[in-house]
Each structure stands twice: as C-alpha cells, then as structure tokens.
There are 2 protein chains.
Amino acid sequence: MNDLTIGKVAREAGIGIETVRFYERERLLAPPARSASGYRFFNEDTVPRLNFIKRAKDLGFTLAEIRDLLAFNEDTVNGCGDVKVLVEEKIAGVEAKIEDLKRIRKGLKTLAQRCPGTGASTQCPILAALTNNK
Amino acid sequence: MNDLTIGKVAREAGIGIETVRFYERERLLAPPARSASGYRFFNEDTVPRLNFIKRAKDLGFTLAEIRDLLAFNEDTVNGCGDVKVLVEEKIAGVEAKIEDLKRIRKGLKTLAQRCPGTGASTQCPILAALTNNK
DNA sequence: ATTGACTCTGTAGTAGAGTACAGGGTTTAT
DNA sequence: ATAAACCCTGTACTCTACTACAGAGTCAAT
C-alpha cells in the first residue's frame, strides 16, 4: 500500500525518475529498500525530502551544500548553528554575485549608450571599445 | 621577426597556450599560417583579438556570443546594429539575473532572521521552513 | 652533439546537475 | 496470454570554458 515506487515519488515531487536515481547516487537520498525483483521502495518521508531539495536549490544551494543541510538535519547537538553559518555564507556569496553583475551591467550600459545602433562595424563604438580600451 | 609563435601570443595576451589552441578550434581565431614543420605563426592582430575576447568575457559574453561579435566586426553593412542588439539582450539577461539573486537573497535573509543559531536541528526554523513551507 | 625550451596532434578529464539511451526484466490490466 | 506501463543497470552524453597529459617532433644555444 505504501509501496512508493520510484515513479510515484518522482511524480509526487514533480521531478524525473532519472533525477531520483541521480540523487540516490549522489547520497542525497538513502539507498531505499528493494523488492524481491530489485524495485526500489521509498518510505514516506522521501517526497518531503525531495521538496526540501527543490526549495534549497531554488535558494541557490548546490547539491553538495544540500547534502550538508540534510546531514545537519540529523544532528541533534548543534545542527541549527551549522545551518545558520551555511545560510549566511550563502547570503554573502549571493551579494557578491549581485555586485559582480551590477559592475557588468554598468560596463554594458556604457557601451550601449555610445552606440548609434546603425551603420558599419568600422564605426561601431562598442567594438572599438572592446578592441582598444583597457 | 614578426613570427608570433603560439607561446608569444599566449604570453602577450596573458592566457595559456592550450587556451589559444582551444579558441582556434572554437573558431574564435582563424587558422593561422604554419611553418614548414607545422608550427603556428599568428599575425599581429591576434593579441588585440585575444584581448577583445577577454574583455567581452569579463562583460559576461559567452564564447558563442563573442564569436558573433567578432563576425559582426567584419560586417561592413550593419555590424553596429547587430552588436547593439546583442549588448542590449545581454543587459536584459544580466538584469534578470540580478532580480533572481535579489529574490534568493530575500528568501535566505528571511530564513536567517528566524534562526537563533544554536541548538539542535529539531528546533531549527530554517530546516523547518525548508521542509514544510511552500 | 646534446640539452632545454618550445611546439605538434589527439585524447581525456574537470565541475554541476542532470538527461538519454540500450537492452533487458517485472507488474498490471485486459 | 499478451500488451502496456513500469522498473532495473550501466554507460554515455549534454553544456561551458577550459586544462592536462602522452608521445612525438623541432629549434636555439652551448
């Protein structure tokens, strides 16, 4: 009855079957029980666990970091502290990326402003800027 | 005298030899002349071209896009218009990424705020949020 | 003549997060 | 009984931008 085959967990979590097997290989899911014929049977907390993975991915965590988060989840001593450290590192990383992108955007806008948008490339200030400036 | 061997162009452009060969394979550089023994000899605009590639990369262009930019550079009809379109698409892409990251940062900060930073994971509101919320 | 620095081709590996088979076996429904 | 739908393993491929050899040939200096 509660035989959650791989197809069912995948469907319920909204991901592909291959992805479930991939997560198992990557140790984000424990090796599930097997039927006599070798079919995987997952227990009930697998779908919430997959949803956890999805949400953490949406927040920009890598699978390696998610593996850590899931491990902290089992740590009854100071899991919470470890989690908070990871989240704050992630915030710092995200902010660094935002600054990078803003710098890039500024560079691109400077280029776009100077460009008439018509004419031969020999006249193009964008190409000139990329070719000559430091 | 102007025999720019691959080692020289690489050194002058501040990139690796393997990278130069890679750019040739990827058609960012035209196949260079060869000596009798098969050594590459690059002409003088190769180093500026490699600098062009570096600057465009810094602005977030992929190698495929840079290949396009370099081709527009040879277009005497409307290279400039094509270039401007590409730059503006890139700006839009960068801005979309910035918005994504801001959304992610907001999610992470919400998590971090609620977390005491000590104690068992069973009490951790971050893990709880990742496990239960939509 | 020999050493060391340079170059050649071709192949393979890296990270990250999967996706796509091929070639089987199993379960379920009709 | 048979077809559809499901599952298994194992391997290889995707993308991006390189990087790292192995094994061989070449060039410049001593």
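In the next few minutes I will go through how two protein chains sit against two DNA strands and against each other, and please keep in mind throughout that this is a predicted model.

Let me begin with DNA strand C, which has 19 residues around it, and of these Ser37(A), Thr62(A), Thr5(B), Gly7(B) and Arg40(B) come nearest. If you look for the helices behind that surface, you will find that helix H2 (17-25) and helix H4 (63-72) of chain A, along with helix H1 (6-13) of chain B, each supply at least two residues. By character, the residues of the surface near strand C divide into seven nonpolar, eight polar and four charged.

Turning now to DNA strand D, we find 19 residues surrounding it, with Thr5(A), Gly7(A), Arg40(A), Ser37(B) and Thr62(B) as the closest. Here helix H1 (6-13) comes from chain A, while helix H2 (17-25) and helix H4 (63-72) come from chain B, and each of these supplies at least two residues of the surface near the strand. The residues near strand D divide into seven nonpolar, eight polar and four charged.

How, then, can chain A be laid on chain B? A turn of 180° with a shift of 0.1 Å along the axis does it, giving an RMSD of 0.2 Å, and the two copies are therefore related as by a two-fold rotation axis. In chain A, the C-alpha nearest that axis belongs to Ile98(A), at 3.0 Å from it.

Finally, on the contact between the chains, 100% of the interface residues of chain A are also interface residues in chain B, which means that the copies meet through the same surface.

Conventions: Residues numbered from 1 in each chain as written. Chains lettered and ligands numbered in written order. Predicted model: local features only at pLDDT ≥ 70, side-chain atom pairs only at ≥ 80, totals over all residues. Near = placed C-beta within 6 Å. Helix = DSSP H or I, 4+ residues; strand = E, 2+ residues; numbered from the N terminus. Nonpolar A, V, L, I, M, F, W, Y, C, P; charged D, E, K, R; others polar. Least-squares fit on C-alpha atoms with pLDDT ≥ 70 in both. Contact = placed C-beta atoms within 7 Å.
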